[in-house]
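Visitor: I am new to this structure, and I would like to learn how to read its features step by step. Could you guide me through them, please?

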Number of protein chains: 2
Amino acid sequence: MPVTIQDVAREAGVSVSTVSRAFTVPDLVKEETRQHVLQTAERLGYRPNRAARGLITGKTGNFGVIVPDLSNPFFPTVLKGVQARAREADYAVFLADCDENPAEEMALVQAMAKQVDGVILCSSRMTPSQLDRVVGTTSLVFINRQVRDNPAVLMGPAAGMRQAIDHLAALGHRRVAYLNGPKASWSNRERRRGLRQAARYAMEIVELGPFAPRFEGGPHAADLVIAEGVTALIAFNDLLALGVMSRLADRGVAVPEEMSVVGFDDIPMAGMATPPLTTVAMQNERAGRAAVDLLVNLLTVSGADAGDLRRDLDCQLIVRASTTVPARS
Amino acid sequence: MPVTIQDVAREAGVSVSTVSRAFTVPDLVKEETRQHVLQTAERLGYRPNRAARGLITGKTGNFGVIVPDLSNPFFPTVLKGVQARAREADYAVFLADCDENPAEEMALVQAMAKQVDGVILCSSRMTPSQLDRVVGTTSLVFINRQVRDNPAVLMGPAAGMRQAIDHLAALGHRRVAYLNGPKASWSNRERRRGLRQAARYAMEIVELGPFAPRFEGGPHAADLVIAEGVTALIAFNDLLALGVMSRLADRGVAVPEEMSVVGFDDIPMAGMATPPLTTVAMQNERAGRAAVDLLVNLLTVSGADAGDLRRDLDCQLIVRASTTVPARS
DNA sequence: TGAAACTATGCAAACGTTTGCAGAGAGGGT
DNA sequence: ACCCTCTCTGCAAACGTTTGCATAGTTTCA
């Protein structure tokens, strides 16, 4: 039923080699026959079977993306960028969600390895030893995580944290809580690194958590924060921050008057919350595109001098109404 | 470099056929040899090449999902369900985002056709004629759209609308606006069908739009609604509803006192808005899973009596603070 | 004891491509 | 008239699997 290269060849009165070449190496076949082949192919509705092609070329024309949790609005936006750029480069994209589970993530990479030319790992949660088992099975590009000299797109989490600290310090906060995200998260580690900026201002940092990087993690975190008596908090991401704000409202703690709140990611919800959330915006979609660029580059150039293996994007603190000067106590 | 079935055969001292059978038809090979083969395979880290397998079996073990817009939070949740169920059934998933563009959507199906066993079309925007060109190229399952007798998972949009109308009628609203979503959307057509429920209550419906089903569509819609002088509105989806509420707030129209607002989808943001949004909740993740079930079923059974080709899920009105009795004028 | 019926395995063809090699013309220079 | 080169095309092998058919060995039964 599906039309193959054989059908086109027979119909066009040429050999399969010619048909193949008409598509893949146009300058090897006479312009006239090439047109003829292309037309009959079009007429018959022929689309080359990429699996068969991949079998011989070793290239599948696919790659994979693995994200920790699709229901976290952070990821769909970077997926969108991946998607768009992939289509431009004529690649198809396998998607998988590992549910924040590192072992599952590793299994997914291994399962994908044979069907793809490379995999993009978004905020990978894998342990170093799991990574070792996986590096080399296929080309990898990381987003939001730097592991040795593997290609990576980074969104400057430490710099983002420094901006947040600068902002809170400028407002006069002297004792600030940081709500940790998942332990396995590289972004979280980087953000903690950024916390050192506090030393400049003699600001005291109280670390709490880790918490689930979701709205549901907020209430627990909020209660701990209140008990600490800080005047401001920085949450691992916006979802967590929103959950915290919700609980603070329930407990009668006014934001921002009694508690300033800063998030990360600038998800769409952040701007619509009450009060609108001050947050560090990332260039998600651009990161997705950059990751594809890196991967494509990696696959096309000889491999020796792949050139730049890292792309650093900057992020931007968006000040909204959830932060202000601390209450005089 | 990658280890093939040949390597395993040589290493295990058997023929490739035996290795192949050890994996795919275990009862055809002696338990003892089978164990031996499986062990050497494991030791060598062999994973069958699915493309090569697909070439001969005609089954790829993949399928595709196409969504109109990843940045609409409605879709990632159904994707999550698709993902989870697909992995259980040992399928890999191609993802594509057609950017609300029907022509692109069609092209994507055609491009995928050869690499997948079937495609799940989520809220497909294709025209009937585009659909004709695509039906038959591969197995299709629709979510949120019914086209002739193709397999489909429906989330009861008409019934959802009836619940919304009942609710507003009970509150005493007599003149209500409906803000249309994309013209090409089947859900939108179905919801309009549900509007007939209004007749029961002598309620007048004012239809406006279509509007982009995004936050950005809201302001324009809000201004039109205010000009109509209705006491309540039902928006095509939550994003649009939130956009409307934002503009209403800017224009000094109090929600819900001067205007009741109902959305569709119950995206996470809905519950966190001010005021929290009354909305019709869908079972997105379950819909995703159901779609995969349908597809798998379609592919495994002979095809003749595929049994149930439709799955109807019900939805549920969630009443929050954005709706109340109309102001006495 | 021999035929019949299984059981377990191997051989080789097929799936739809790409690609190295070789051959057929055509054209050009001597 | 010859050889060389160049352009275009076809043949056939390969890629990593699955699977129909054949074969060899083992069991069953009369």
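Visitor: Which part of DNA strand D lies 2.8 Å from an N or O atom in the side chain of A:S17?

Guide: In this predicted model, the partner of that side-chain atom of A:S17 is a base nitrogen of DNA strand D. The side chain of B:S17 also has an N or O atom facing a base, and there the distance to a base oxygen of DNA strand D is 3.4 Å. A:S15 offers another case, since one of its backbone N or O atoms lies 2.9 Å from a phosphate oxygen of DNA strand D.

Visitor: What share of the atoms of DNA strand D within 4 Å of the protein belongs to sugar or phosphate?

Guide: Sugar or phosphate accounts for 59% of those atoms, and the rest belong to bases.

Visitor: Which residues around DNA strand D come nearest, and which element gives the most to the surface there?

Guide: There are 27 residues around the strand, and the nearest of them are A:T18, A:R21, B:I5, B:S20 and B:R53. Taken by element, α4(B) gives the most to this surface, with five residues, while the elements that each supply at least two residues are α2 (16-24) and α4 of chain A and α1 (5-12), α2 and α4 of chain B. Divided by class, the surface has eleven nonpolar, eleven polar and five charged residues.

Visitor: How much space lies in the second largest pocket, and which residues are closest to its centre?

Guide: The second largest pocket holds about 1,300 Å³ of space. Its lining is made of 37 residues, of which A:K114, B:P2, B:V3, B:R47 and B:N49 are the closest to the centre. Two or more lining residues come from each of α4 (50-57) and α6 (102-113) in chain A, and from each of α2 (16-24), α3 (31-44) and α4 (50-57) in chain B. The largest share, five residues, is that of α4(B), and by class the lining has 16 nonpolar, 15 polar and six charged residues.

Visitor: Why is strand β1 of chain A largely enclosed by the rest of the structure?

Guide: The general idea is that side chains in a regular strand alternate between the two faces of the sheet. In β1(A), A:N62, A:G64 and A:I66 are buried on one side, and A:F63, A:V65 and A:V67 are buried on the other. Six of the six residues in this strand, 62-67, are buried, so β1 of chain A is largely enclosed by the rest of the structure.

Visitor: In which sense does β1(A) pair with strand β2 of chain A, and what stands opposite A:V65?

Guide: The two strands pair in the parallel sense over six bridges, β2 being residues 92-97, and A:V65 stands opposite A:L95 in β2(A).

Technical notes: Residues are numbered from 1 along each chain as its sequence is written. Chains are lettered from A and ligands numbered from 1 in the order in which they are written. This is a predicted model: local features need pLDDT of at least 70, side-chain atom pairs count only at pLDDT 80 or more; totals for chains, interfaces and linings use all residues. Side-chain values use heavy atoms; hydrogens and water are left out. On a 1 Å grid over the protein atoms alone, a cavity is a set of points where a 1.4 Å probe fits but cannot get out, and a pocket is an open set with protein on both sides within 12 Å along at least five of seven lines; lining residues have an atom within 4 Å of a point. Grid points are joined across faces, edges and corners, and a volume is the space filled by probe spheres set on the points. Helices (H or I, at least four residues) and strands (E, at least two) are DSSP runs, numbered from the N terminus. Ala, Val, Leu, Ile, Met, Phe, Trp, Tyr, Cys and Pro count as nonpolar, Asp, Glu, Lys and Arg as charged, and the others, Gly among them, as polar. A residue is near a molecule or strand if one of its heavy atoms lies within 4 Å of it. A polar contact is a pair of N or O atoms within 3.5 Å; within protein, one must be able to donate a hydrogen and the other to accept it, and residues adjacent in sequence count only if both atoms are side-chain atoms. Buried means under 20% relative accessible area, exposed over 50%, partly exposed in between (1.4 Å probe, protein chains only). Two strands pair if DSSP finds at least two bridges between them.
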